[in-house]
Amino acid sequence: MTELLKNREGKKKALKALLLRIHNGEDVNELKEEFRAVLSGISPLEIPLIEQELVKEGISAKDIAKMCDLHVELFREAVAGTEELEEKDLPDGHPLKTLYLENKEIMKDSEMLNLYARTLATTKDERMKAEILGVLEEIVNNLRKVGFTHYNREEMLTFPYIERRGLTAIATVLWTKHDEIRFMIKRLAELLRKRNEMPWEEFVEKFKTKAGEAAFALSDMVFRENNIYYPTLKALLSDGEWKAIRLQEDEIGYYKVNPPAWDPGVEPLHPWEIDPELSFEELLSLPREVQEALKGQPLEFDKSQLKREGDIDLGTGYVNLEELKAIFEALPVDVTFIDKDDRVRFFSPGERIFDRTLSVLGRPVQLCHPPKSVHIVNKILKAFKEGRKSEATFWLRLGEKYVYIKYVPLFDRDGNYIGTLEMTMDIEPYKKIEGEKRLLDWRE
């Protein structure tokens, strides 16, 4: 084996022999030590080149993908420090373990992106080009989900806890890097869509370059998270905080993992409920890089109180009565609430499509409509009360307005019908909207 590793051809033969054994059914994990011996004699810069040659010689992309998985694992063992131990210390379903597991998948996919982009640039066979392009489209489409799931959960669920403790710079830097990566992946998807609009050589060279940049950025982010951000979270967040995060994770989603339920047996603790001050011991438990960044910068703990005296608890936040009225006035929709006894209980101020006066309050909703349409009102309410329908929609022209009307039934926590909400909106201005508007166009 030692002699074989003295040149690239020998290294390629060694890898090819191992890949053929995978192809013939041997378990990649049982070959781990042999792969370690081969890969340890190969520069990381050589591996993509060797993999490209193996693709051209007919080695299955799936088998090479298995080798990439193992290569990433060995790379992480050698470079990533202690995060493997950190991950093993955590129970299944713990949000931090989920983040570590997702990063394994991100590392694999970023390496595959780089490999296939480089292979595409050297492939002459048309059938092979089409196959590689299909794989690249799948990889890029998958990686776009990193921003919607992995990064989004960090930004929405973990950043508030460290921001509360005054570590806003960490969140700002990571979010900026996340957005850079999102843009890189989006640009790759656009390049793939527009590949027929430019010469092939120009496309593959541009794609190879951009894919390499994206793969590096993704890998760099994994390293930052595993070695700096996640140890920071582990040092600072309690089980109650992690439970609150776990209760909200499913709403956002995950990247290629499906974590089980996890309950540490404590009450969930939201960012506004924690004591934000850091003790000296907590500061010392932070990663060295974080401690260095904090030197000479006094932390500004966020001690603001969310719930004030007189606030109304709406389940997803707290507002006082004046704020609630102002919110309804600002909504671009006309809202009317009919209670379980079919009587008008409330209508919103502000936006107005149909006439509403205080005199309608307490009035049976059937008497608020022309006699010829009362049977339709009753049909809708009956279906809602019986649970047979979840909405009723209409749209019509009223002069220059294009009016959209939607009725939905409302239920309490026990599933009992408590009324119907009518929402009315002039959608004519929105029908004219095209393209995107991402920048503020105010003129000072």
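In the predicted model, Arg153 is in contact with Thr98, Leu99, Glu102, Thr158, Glu249, Ile252, Gly253 and Tyr254, leaving aside neighbours within four places in sequence. Arg153 is found in helix H8. Its relative accessible area is 2%. Arg153 therefore falls under the 20% limit and is buried. Two carboxylate-bearing residues from the contact list also make polar contacts with the Arg153 side chain, Glu102 at 2.7 Å and Glu249 at 3.4 Å. Glu102 belongs to helix H6, which spans residues 95-122. Glu249 belongs to helix H11, residues 239-252.Helix H8 covers residues 150-164 and also holds Glu155. At 4% relative accessibility, Glu155 is buried. The side chain of Glu155 forms a polar contact of 2.8 Å with the side chain of His178. Beyond four places in sequence, Glu155 touches Pro160, Trp175, His178 and Arg182. His178 thus appears both in the polar pair and in the wider contact set of Glu155, because a polar contact lies within 3.5 Å and a contact within 4.5 Å.

Pro160 links this part of the model to a loop. Pro160 touches Glu155 and is also touched by Pro271. Pro271 is placed in the loop between H11 and H12. Its contacts beyond four places in sequence are Pro160, Tyr161 and Arg164. Pro271 and Pro160 stand 111 residues apart in sequence. Their C-alpha atoms are 6.1 Å apart in space. Pro271 has 17% relative accessibility and so counts as buried.

Lys256 lies in the loop between helix H11 (239-252) and helix H12 (280-284). Its phi is near 60°, a positive value in a residue other than glycine. Lys256 is partly exposed, because its relative accessible area of 42% lies between 20% and 50%.

A positive phi also occurs at Asp342, with a value of about 70°. Asp342 is not a glycine either. Its place is the loop between strand S3 (334-339) and strand S4 (344-347). With a relative accessibility of 10%, Asp342 is buried.

Helix H6 (residues 95-122) includes Asn114. Asn114 is buried at 18% relative accessibility, which is under the 20% limit. Gly212 and Ala215 are its contacts when residues up to four places away are not counted. Asn114 and Lys208 are separated by 94 residues in sequence. Between their C-alpha atoms the distance is 7.4 Å.

The interior was also examined for enclosed space. One cavity of 30 Å³ or more is present. The largest cavity holds about 70 Å³ of space. Its lining consists of Ile338, Val365, His369, Val377, Ile380, Leu381, Tyr407 and Thr420. Six of these lining residues are nonpolar and two are polar. None is charged. Helix H15, residues 374-385, gives the most to the lining, with three residues. Strand S3 (334-339) spans the position of Ile338, one of the lining residues.

At the level of the whole protein, the secondary structure comes to 16 helices and seven strands. The protein has 444 residues, and buried residues make up 41% of them. Among contacts between residues at least 6 apart in sequence, 62% join residues at least 24 apart. The pair Pro271 and Pro160, in contact and 111 residues apart, is one such case. The exposed area of the protein is about 25500 Å². Carbon and sulfur atoms supply 54% of that area.

Terms used: Residues numbered from 1 in each chain as written. Predicted model: local features only at pLDDT ≥ 70, side-chain atom pairs only at ≥ 80, totals over all residues. Heavy atoms only, no water. 1 Å grid on protein atoms, 1.4 Å probe; cavity = no way out; pocket = protein on both sides within 12 Å on 5 of 7 lines; lining within 4 Å. Points joined across faces, edges and corners; volume = space filled by probe spheres on them. Helix = DSSP H or I, 4+ residues; strand = E, 2+ residues; numbered from the N terminus. Nonpolar A, V, L, I, M, F, W, Y, C, P; charged D, E, K, R; others polar. Buried < 20%, exposed > 50% of the residue type's maximum accessible area, 1.4 Å probe, protein only. Areas by Shrake-Rupley, 256 points an atom, 1.4 Å probe, with all protein chains shown as cover. Polar contact = N/O pair within 3.5 Å; in protein donor to acceptor, adjacent residues only side chain to side chain.
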